[in-house]
Amino acid sequence: FFVTNTTNMAVSDVDEADVRQRIEELVRCSDDKAADLTRDIEASLSRLKSDINRLQAKTTSHLGDDSILLDKRSELRRLQDGLQQARLHRAHQKQRESFAQDKAALFGGSSDGVRKRRNVKGAASDATERLRATRKLMQSSLEQSAAGIEELASSSKVLQATSEEFAAMGAHVSTGRGMLTEMQKKERVDRMVIWGGFAVFCLTVLWVVYIRTIGRFF
């Protein structure tokens, strides 16, 4: 049995360090630039997911390298976690800035501050909504992490099943090799028996010929 290893398959040029640098920049950049950075990061993650799907197909058909698949899955999980943390950080930062503005408006003495003091209830309601949005974002991040853990567990089961199949194939190969060796030994013994019998037959014929021809004169 032979298994072909094709680890040098075509994959995209997703650089984890480059994506992580863009995620760090997402925390510090403005809102306008954040939208473009988010789209670029999500596009890179999408290409990485496509790579994982192709590697999964190769691994299922016993043509891929399991270690590469695990590395790609770990890389995707790290980048997804980093993106979620960057989003949470931006949400918290906006929340702090909004609270600071509301506080300045509440305790300020300008006409704008007086007007905002009259709308304290509306500002508190907006802050509550932002807190709810942040909570939903954190819940979504936890759900994605749980899904990633389940996916890694499923991949581990697939790799274990593949290892068991390879072990069974090795046992079959060993059994076949032993049977072939035994058949070769039996073939040598049978050949020796056949040639030995032929030699005895030839000697018997020669002996009979000798007795009937030359042996009668002695």
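A residue counts as buried under 20% relative accessible area, as exposed over 50%, and as partly exposed in between, with a 1.4 Å probe and protein chains only. By this rule Cys29 is buried, at a relative accessible area of 15%, whereas Cys202 is partly exposed, at 29%. The structure holds zero disulfides, a disulfide being a pair of cysteine sulfur atoms within 2.5 Å.

The model is predicted, so local features need pLDDT of at least 70 and side-chain atom pairs count only at pLDDT 80 or more, while totals for chains, interfaces and linings use all residues. Residues are numbered from 1 along each chain as its sequence is written, and side-chain values use heavy atoms, with hydrogens and water left out.

The overall fold is a good place to start. The chain has five helices and zero strands, and its elements run α-α-α-α-α from the N terminus on. Helices (H or I, at least four residues) and strands (E, at least two) are DSSP runs, numbered from the N terminus. Of the 218 residues of the chain, 21% count as buried.

Charged pairs come next. Side chains of opposite charge can pair when their charged atoms come close. Here a salt bridge is a side-chain nitrogen of Lys or Arg within 4 Å of a carboxyl oxygen of Asp or Glu, and the whole structure contains nine of them. One of the nine joins Arg87 to Glu42, with the closest N and O atoms 2.4 Å apart. Because Arg87 lies in helix H3 (residues 66–107) and Glu42 in helix H2 (residues 31–60), this pair ties together parts that are 45 residues apart in sequence. Both partners are partly exposed, Arg87 with a relative accessible area of 25% and Glu42 with 37%.

Helix H3 also takes part in a salt bridge between Arg73 and Glu151 (2.6 Å, N to O). Glu151 belongs to helix H5 (residues 120–212), so the pair ties together parts that are 78 residues apart in sequence. Arg73 is buried, at 9% relative accessibility, while Glu151 is partly exposed, at 41%. A further salt bridge links Arg77 with Asp81, whose closest N and O atoms are 3.7 Å apart. These two residues stand four apart in helix H3, separated by about one helical turn. Arg77 is buried, with a relative accessible area of 19%, and Asp81 is partly exposed, with 27%.

Arg77 appears again at the largest pocket. The space in this pocket is about 310 Å³, a volume being the space filled by probe spheres set on grid points joined across faces, edges and corners. On a 1 Å grid over the protein atoms alone, a pocket is an open set of points where a 1.4 Å probe fits, with protein on both sides within 12 Å along at least five of seven lines, and lining residues have an atom within 4 Å of a point. Of the 16 lining residues, Lys49, Leu76, Arg77, Gln80 and Gln144 are the closest to the centre of the pocket. H2, H3 and H5 each supply at least two residues of the lining, and H3 gives the most, with seven.

On the surface, Trp195, Phe198, Phe201, Val205 and Val209 make a nonpolar patch of about 540 Å². Such a patch joins nonpolar side chains (Val, Leu, Ile, Met, Phe, Trp, Tyr) within 5 Å, from residues with over 30% relative accessible area and no salt bridge. Val205 lies in helix H5 and is partly exposed, at 36%.

Key
Patch = residues over 30% accessible without salt bridge, like charges linked within 9 Å, V, L, I, M, F, W, Y side chains within 5 Å. Areas by Shrake-Rupley, 256 points an atom, 1.4 Å probe, with all protein chains shown as cover.
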